[in-house]
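Welcome, and please open the model in your viewer. We will go from one selection to the next, with a short stop at each.

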Amino acid sequence: MKEINVTGYVGKDPEVRYAPNGDSFTVFSFAVSSGPKDKRKTDWFEVSCNGKNAETTQKHVRKGTRLLIQGSPGINVWVSREGKPMGVMRISVSRLEFIGAKSEDDAEESADASEEISNDEPASVNPDDIPFS
C-alpha cells in the first residue's frame, strides 16, 4: 500500500458528502508548500476523510487549520463539460493530527496542543484542547 505524509493548511471548510450506501464523508482542499521562500511552490490536494476522521474534521477543521495528514495518494481524472481533461491529486486519510494554530495570535496558546486522530481508535476531542477557534 502506498502512503504519504504531508503537512499543510486547509484551503476551504470541509464539505460533507454521502456515498451511495448512505455513509457520510468529508472533503476539503489542502495546500502543501515546499522550497525556499523566494521559490516557494504550493501543491493542492483534495482530501477525503471517513469514519471518526470525518466526524472530527466536520466539527473542528476550518479553512486555515494546519494539519499533518497521513493517507493513500491517488489521482482522480475526468473530462469536463467542455471536453477538457481534468485531474486532481487526492489523499484518502488514514490519520490526521492538528499541529498548530492558524494565526500568530493563537500560536503561543497552542504551542503544546496537539490532537492525533486515527481510524483505528475512537476519537475523544476536548474542545478546550483544539488549537484554534
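## First stop: a salt bridge at D43

D43 is partly exposed, with a relative accessibility of 24%. Select it together with K41: the two residues form a salt bridge, and their closest N and O atoms are 2.7 Å apart. K41 is partly exposed as well, at 48% relative accessibility. Keep in mind that you are looking at a predicted model.

## Zoom out: the whole chain

Now show the chain as a cartoon. You should find 2 helices and 7 strands. Followed from the N terminus, the elements come in the order β-β-β-β-α-β-β-α-β.

Next, switch on a surface. The chain exposes about 8,600 Å², and carbon and sulfur atoms supply 47% of that area. Of the 133 residues, 36% are buried. If you draw the contacts with a separation of 6 or more, 54% of them join residues 24 or more positions apart.

Then colour by pLDDT. The average over the chain is 81, and 75% of the residues score at least 70. Where should you be careful? Select residues 103-125: pLDDT stays under 50 over this stretch. The model has 40 contacts beyond four places in sequence for these residues. Where pLDDT is low, the predicted coordinates should not be read in detail.

## Strand β3: S33 and F25

Return to K41 and add S33, which lies in strand β3. Setting aside neighbours within four places in sequence, S33 is in contact with R40, K41 and T42. Show the side chains of S33 and T42 to see the polar contact of 2.9 Å that joins them. S33 is partly exposed, with 37% relative accessibility. For a distance check, pick the C-alpha atoms of S33 and W44: they are 8.8 Å apart in space, while the residues are 11 apart in sequence.

Slide along to F25, also found in strand β3, which spans residues 24-34. Is F25 buried or exposed? Its relative accessibility is 19%, so F25 counts as buried, the cut-off being under 20%. Now display what surrounds F25. Beyond its neighbours within four places in sequence, the contacts of F25 include the run E15, V16, R17, Y18 and A19. Also among them are S48, C49, N50, A54 and R90.

Two of these contacts, E15 and R17, deserve a selection of their own, with K12 added: K12, E15 and R17 are linked in a network of salt bridges. The structure holds 6 salt bridges.

## Helix α1 and the loop after it

From F25, jump to E55. The two are 30 residues apart in sequence, and their C-alpha atoms are 8.1 Å apart. E55 forms a salt bridge with K52, with 3.7 Å between the closest N and O atoms. What separates the partners along the helix? They are 3 residues apart in helix α1, which means a separation of about one helical turn. Both ends of the bridge are partly exposed: E55 has a relative accessibility of 38%, and K52 has 32%.

Move on to T65, in the loop between α1 (51-60) and β5. T65 is buried, with a relative accessible area of 1%. Add R62 and show its backbone: the backbone oxygen of R62 lies 2.7 Å from a polar atom of the T65 side chain.

## Strands β5 and β6

Select strand β5, residues 66-79, and pick out V77. With 64% relative accessibility, V77 counts as exposed, because the cut-off is over 50%. Add I75 and M89 in surface view: together with V77 they form a nonpolar patch on the surface, with about 310 Å² of accessible area.

For the last stop, go to R95 in strand β6, which covers residues 85-98. Add L68: R95 and L68 are 27 residues apart in sequence, with their C-alpha atoms 8.3 Å apart in space. Then show E97, which forms a salt bridge with R95, the closest N and O atoms being 3.0 Å apart. What is the relative accessible area of E97? The value is 16%, and E97 is therefore buried. You can set this beside your first selection, where D43 in its bridge with K41 is partly exposed.

Definitions and conventions: Residues are numbered from 1 along each chain as its sequence is written. This is a predicted model: local features need pLDDT of at least 70, side-chain atom pairs count only at pLDDT 80 or more; totals for chains, interfaces and linings use all residues. Side-chain values use heavy atoms; hydrogens and water are left out. Helices (H or I, at least four residues) and strands (E, at least two) are DSSP runs, numbered from the N terminus. Buried means under 20% relative accessible area, exposed over 50%, partly exposed in between (1.4 Å probe, protein chains only). Contact means heavy atoms within 4.5 Å. Accessible areas come from the Shrake-Rupley method with a 1.4 Å probe; for residues, only the protein chains shown count as cover. Patches are made of residues with over 30% relative accessible area and no salt bridge: like charges are joined within 9 Å, nonpolar side chains (Val, Leu, Ile, Met, Phe, Trp, Tyr) within 5 Å. A salt bridge is a side-chain nitrogen of Lys or Arg within 4 Å of a carboxyl oxygen of Asp or Glu. pLDDT is the predictor's confidence in each residue, from 0 to 100. A polar contact is a pair of N or O atoms within 3.5 Å; within protein, one must be able to donate a hydrogen and the other to accept it, and residues adjacent in sequence count only if both atoms are side-chain atoms.
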